[in-house]
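Thank you all for coming; I would like to talk through one model this morning, beginning with its interior and then turning to its sheet.

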Amino acid sequence: MTQGDIERLRHSYHRSIFEEVLRKGESGAPNNADSASATSVRISNGIIDRIGFDVSSEGLAGQTAGSRFESLTRDFLREAFKLLQHIRPGDWVFALGGNIRDYEQYSHLSEIRNAVRQNKELRIVFGDYIVTPDITVCRKPVSDEEINRFGDVLSDDEIALYTPLRYLNSQVEILHASVSCKWTIRSDRSQNARTEGLNLIRNRKGKTPHIVVVTGEPLPARIASLAFGTGDIDCVYHFALRELIDSATESESDTDLLNTLVAGRRLRDISDLPFDLAT
């Protein structure tokens with residue numbers, strides 16, 4: 001069977017992860033596995049075997065694996081989304097980092113943060129408003145010329161004066177998605193994706209962006225710690241879900257847990273994410 005363009009991009013994404021992110025230590029444990037957990041190591045090695053690229057033993061410094069995972073995931077999403085322009089047209093920007101106050105729904109937070117910094121009591125009440133996603137997807141406002149490309153959609157200067165999609169009203173980019181990247185899920189710090197999601201929901205003025213997590217974690221229970229529940233994260237996406245499922249069959253409980261997450265619409269493959277961003 002011939003590969004489609006999304007499958008080819010997924011294949012290239014995996015190749016880049018193997019070259020730039022994934023490593024094996026002297027013990028044989030991949031760097032996305034918990035070396036103290038035989039199950040984690042076994043599943044991670046199963047994913048590696050099924051994808052089939054060579055893995056380097058060259059060490060990576062500090063947070064290098066995480067930052068490279070973010071960059072490669074951004075590149076995959078940007079290229080995959082280009083293939084869906086006929087489904088979701090627009091001028092889209094895929095960026096690393098960024099600050100939500102730079103986007104239309106959260107531009108008011110700059111003034112609030114200035115006030116909070118100057119007042120200790122407000123700092124206690126409001127905390128830190130500003131979320132800095134690993135990857136942002138935003139849409140640029142549309143000119144009247146583009147809006148009227150196929151007809152006189154807008155011909156009166158007294159209507160549609162407040163929508164941020166119209167460039168005449170606002171030149172600030174609209175946040176479409178916030179993507180949190182977790183190469184591993186090892187500590188309570190991984191749960192900050194939930195806190196960030198709730199802040200994005202509570203502090204917006206206007207449309208809620210997609211709020212998602214992309215991970216390379218091999219242990220189903222740790223994936224479930226982020227994926228279970230609703231309200232703060234849209235969904236968790238695994239960089240190699242089908243390989244993960246095939247690698248977890250030795251444990252009935254792990255298989256059942258993954259099937260529950262997938263059937264419950266809480267866990268999907270990275271190849272699903274461009275389509276979900278197009279909704």
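The largest nonpolar core, meaning a set of buried Ala, Val, Leu, Ile, Met, Phe, Trp, Tyr and Cys residues joined through side-chain atoms within 4.5 Å, has 53 residues, and those with the most contacts inside it are Tyr13, Ile17, Phe69, Trp183, Val214, Phe239 and Leu273. Its largest share, seven residues, is contributed by helix 3, residues 64–82, where helices are DSSP runs of H or I with at least four residues and strands are E runs of at least two, numbered from the N terminus. A second, separate core has nine residues, including Ile100, Tyr103, Leu109 and Val131.

I should say that this is a predicted model, in which local features need pLDDT of at least 70 and side-chain atom pairs count only at pLDDT 80 or more, while totals for chains, interfaces and linings use all residues. Residues are numbered from 1 along each chain as its sequence is written, and side-chain values use heavy atoms, with hydrogens and water left out.

Arg10, in helix 1 (residues 5–20), is buried at a relative accessible area of 2%, buried being under 20%, exposed over 50% and partly exposed in between, with a 1.4 Å probe and protein chains only. Not counting residues up to four places away in sequence, Arg10 touches, with heavy atoms within 4.5 Å, residues including Phe76, Phe239, Glu243 and Asp269.

As for the sheet, six strands form an open one in the order 1-2-3-4-5-6 with mixed pairing, where two strands pair if DSSP finds at least two bridges between them. Strand 3 (residues 174–182) and strand 4 (residues 210–215) pair in the parallel sense over six bridges.
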